[in-house]
Structure formats: structure tokens, C-alpha cells
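Trainee: I would like a close look at one part of this model, the surroundings of a charged pair, and then a connected account of what lies elsewhere in the chain.

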Amino acid sequence: VEVFELGEFGLIDRLKRHLGPAGPDVIVGIGDDTAVLRDTGDAYLLATCDTQIEGVHFVPESITPYQLGRRAAAVNISDIAAMGGAPTFLLISLCLPSRTPVDYVDALYSGLQEETQRAGAAIVGGNMARLSERVLIDVFLLGRTVKDRLLLRSGAKEGDLILVTGYLGNARAGLELVRRPEVVVEPAVRREVMDALLTPRPRLVEGQTLAATGRVSAAIDVSDGALSDLGHVCRASKVGARIWTDSIPVSESTRTVAALTGHDPLHFALQGGEDYELLVTVPEKHASQVMDAVIGATGLPLTVMGRIGPARDGVQVVGPWGKEDVVLPSGGWNHFAP
Ligand SMILES: [Mg+2]
């Protein structure tokens with residue numbers, strides 16, 4: 001059997017079975033946005049890692065080393081945000097060709113440092129190795145939270161509303177402009193979607209504010225694609241979900257890029273991935289309180305885009321007039337797909 005036959009998530013499940021139970025101080029092991037480990041008293045330690053590989057996650061022509069540094073830190077900070085936590089310490093494994101200009105490394109670390117400091121964390125170490133022909137950056141990030149502020153994927157209940165921060169699809173629209181350099185758009189449109197792709201802003205204060213309300217039943221950050229990530233929440237919570245196509249927050253910029261390139265903006269929004277927005281579930285009676293808390297603390301709106309249902313529903317995308325259910329495959333990003 002080769003790994004592509006299992007897929008990324010099948011491989012993770014297999015490893016989880018091999019490894020067995022992790023011990024009493026592991027509150028959550030494999031299967032959430034970060035691991036959750038018992039610290040002292042009510043304090044929890046959060047731990048996560050994520051890699052950026054040249055040719056897989058980025059092409060050097062379309063991202064500066066400074067932007068790449070920011071992105072490598074941001075995608076990890078986003079996972080801490082999805083737990084409602086605060087990042088603390090960051091380590092970097094950097095693999096480089098030996099002919100890489102030192103200026104490249106300086107700019108990369110400027111980006112890593114800026115994003116890390118903005119999140120209130122510090123770079124405290126790492127490791128370097130030579131790699132022929134490509135750059136690989138693996139970031140390991142620790143964070144902290146307390147017991148009653150922890151957000152998990154596993155608490156969604158039937159009837160809960162599904163809410164998301166910001167817009168979905170901007171990063172996928174940015175990727176489309178990278179792939180189609182001949183497409184001409186207004187500078188403001190280009191800036192919005194390219195910033196979303198190259199230097200995503202982790203929803204850290206939003207995650208902490210959501211956690212502080214005590215009303216959020218489940219949370220995840222949108223990295224693989226909203227449908228796929230909602231699928232992770234549904235599997236962890238043993239529920240299903242319906243998303244309403246007329247309620248999905250899609251920016252004017254994404255609609256413009258989709259129209260110019262012959263795509264459905266909903267596909268960008270639901271299957272694109274890499275938006276690093278937070279997707280949460282909240283009991284209906286607490287939804288307006290939660291939305292008010294986030295907009296009050298950060299100015300960022302949350303949008304209600306669906307409802308949790310029974311597990312047998314799977315994840316469904318329901319058409320705007322309710323007449324026909326459009327069931328999309330929940331195919332987001334899978335690292336070993338053929
Ligand atoms: Mg995540």
C-alpha cells in the first residue's frame with residue numbers, strides 16, 4: 001500500500017491507531033488543530049507544527065522571502081487561534097540550498113519575527129539543514145490557554161449555527177491570479193486577494209474573544225477548505241451539517257476574480273482553502289451575543305452560514321431557494337491525493 005491510497009487523513013488515522021493512547025497528561029492528542037497538554041492547575045499547553053515547502057505550498061516567483069516568513073508563522077498561529085489560545089514560543093527548522101543568498105534568510109526571518117511578535121510570542125530556537133534545490137520551513141509553535149477557555153472540534157451539537165469570520169475564498173482567488181498572470185484586475189482587488197493568499201492574518205484576538213464568551217461549541221481554522229474543515233468538525237463531533245449557499249461570505253474581489261476566470265465563486269469559498277478564517281458552531285440562542293462580542297473586540301463580522309444536523313446528513317450544501325440540495329464532495333486539500 002502506498003500513502004496516496006490512504007490519503008492524508010487515512011494515513012493520520014492509521015498512525016493514530018499505531019501509536020495508541022498517549023497518556024494521562026494528554027488532554028487532546030492527534031486530531032484537533034493543536035495538541036492540548038496538561039500544565040499546572042487549570043493551565044493547558046498547546047503545541048502544533050506546520051511546514052511550507054517550495055513547489056508544494058509556494059513558488060518563489062510569487063512570494064517574497066519576507067512574505068514567506070510571515071506566512072510560515074501565521075499558519076501556525078492560526079491553529080493556536082482555533083483553540084482560543086495565546087501563542088508563546090516558536091521554533092523553526094529551516095532547510096536550504098547552500099547557495100541561498102544570506103539576504104534571503106534575513107528577509108525570511110524579518111517576516112517570521114514580525115508575525116511572531118505581533119502574536120505576542122517569541123522565536124526561541126530551531127535547526128538548520130542543507131537541502132538541494134528547494135527551501136523548506138517547518139515551524140513548531142507552543143501556546144497556552146486555560147481549561148474553561150479551550151475550543152475543540154468535538155463539541156458541535158445538532159441545531160447549532162455555523163459561523164465564520166471574515167470572507168471565504170479570497171486566498172483561492174489570489175491563487176487564481178498567480179496561475180493566470182494575464183488576468184487584469186483593479187489594484188485594490190488584486191491587493192485584497194493576494195494579501196489573503198501570501199500574508200494571511202490569523203484570527204487570534206477573534207479566537208480568544210470567541211473562547212471568552214464560553215458559548216462556542218466547536219471551532220477550527222479554515223486551512224483545507226471550508227467544506228473539508230467543516231467535515232473535520234462533523235467527524236469529531238459525530239454530527240452532520242447543512243451550509244446555505246446564499247449565506248456564504250464571499251468578497252466582491254473574489255466574485256470579480258471568479259467571474260473573470262470562469263469559476264463559481266462558491267467553489268473558491270467552499271473548496272479553496274488557506275483562508276485561515278475561524279469556523280465555529282454556536283447554539284442558536286447565543287449566536288448574536290457571540291457575534292457582538294467579536295465585532296466589539298475586533299471590528300470583524302461573523303456570518304451565519306449554516307446549521308449542524310444529524311450525522312446521517314453528512315455535509316450538505318443547500319441551494320439558495322431550498323428547492324434542490326446540491327451535494328458537493330467534501331474534497332478540500334489532501335496532501336497525498338494522486
Ligand atoms: Mg487548523
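Trainee: With which residue does Asp33 form a salt bridge, and how far apart are the closest N and O atoms?

Mentor: The partner of Asp33 is Arg153, and the closest N and O atoms of the two are 3.2 Å apart, where a salt bridge is taken as a side-chain nitrogen of Lys or Arg within 4 Å of a carboxyl oxygen of Asp or Glu. The pair brings together distant parts of the chain, since Asp33 sits in the loop between β1 (26–28) and β2 (35–38) while Arg153 sits in the loop between β6 (136–146) and β7 (161–165), 120 residues apart; helices (H or I, at least four residues) and strands (E, at least two) are DSSP runs numbered from the N terminus. Before going on, please keep in mind that this is a predicted model, in which local features need pLDDT of at least 70 and side-chain atom pairs count only at pLDDT 80 or more, whereas totals for chains, interfaces and linings use all residues. Residues are numbered from 1 along each chain as its sequence is written, and side-chain values use heavy atoms, with hydrogens and water left out.

Both partners are inside the protein: Asp33 is buried at a relative accessible area of 5%, and Arg153 is buried at 13%, where buried means under 20% relative accessible area, exposed over 50% and partly exposed in between, with a 1.4 Å probe and protein chains only.

Asp33 has a second role in the model, as a ligand of the magnesium ion, which is coordinated by Asp33 (OD), Asp79 (OD) and Asp221 (OD) at 1.9 to 2.1 Å. Donors here are N, O and S atoms within 2.8 Å of the metal (3.2 Å for Na, K and Ca), and water is not among the atoms, so the site may look incomplete. Along the chain the donors follow the spacing D-x45-D-x141-D. Here Asp33, in the loop between β1 and β2, is joined to a distant part of the chain, as Asp79 lies in helix α2, 46 residues apart. Asp79 counts as buried too, at 9% relative accessibility.

The loop that carries Asp33 also holds Ile30, which is partly exposed at a relative accessible area of 40%. Together with Ile12, Leu15 and Leu19, Ile30 makes a nonpolar surface patch of about 350 Å². Patches are built from residues with over 30% relative accessible area and no salt bridge, like charges being joined within 9 Å and nonpolar side chains (Val, Leu, Ile, Met, Phe, Trp, Tyr) within 5 Å, and accessible areas come from the Shrake-Rupley method with a 1.4 Å probe, where for residues only the protein chains shown count as cover.

Helix α2, which carries Asp79, leads on to the interior. The largest nonpolar core has 56 residues, and those with the most contacts inside it are Leu94, Ile137 and Leu210; helix α2 (residues 65–82) gives the most to this core, with 7 residues. Such a core is a set of buried Ala, Val, Leu, Ile, Met, Phe, Trp, Tyr and Cys residues joined through side-chain atoms within 4.5 Å. Leaving aside neighbours within four places in sequence, Ile137 is in contact (heavy atoms within 4.5 Å) with residues including Asp50, Leu68, Ala72, Ile92, Leu94 and Leu108. Apart from this core lies another, of 24 residues, among them Val164, Leu168, Ala226 and Cys234.

The bridge you asked about is one of 12 salt bridges found in the whole structure. Another joins Glu277 to Arg203 at 2.8 Å, N to O, and it too links distant parts of the chain, with Glu277 in the loop between α9 (265–271) and β10 (278–282) and Arg203 in the loop between α5 (187–198) and α6 (204–213), 74 residues apart. Glu277 counts as buried at 6% relative accessibility, and Arg203 is buried at 17%. By contrast, Glu176 and Arg172, whose side chains meet in a salt bridge at 2.8 Å, N to O, both lie in helix α4 (residues 170–179), 4 residues apart, about one turn of the helix. Finally, Arg70, Glu114, Glu115 and Arg118 are linked in a network of salt bridges.
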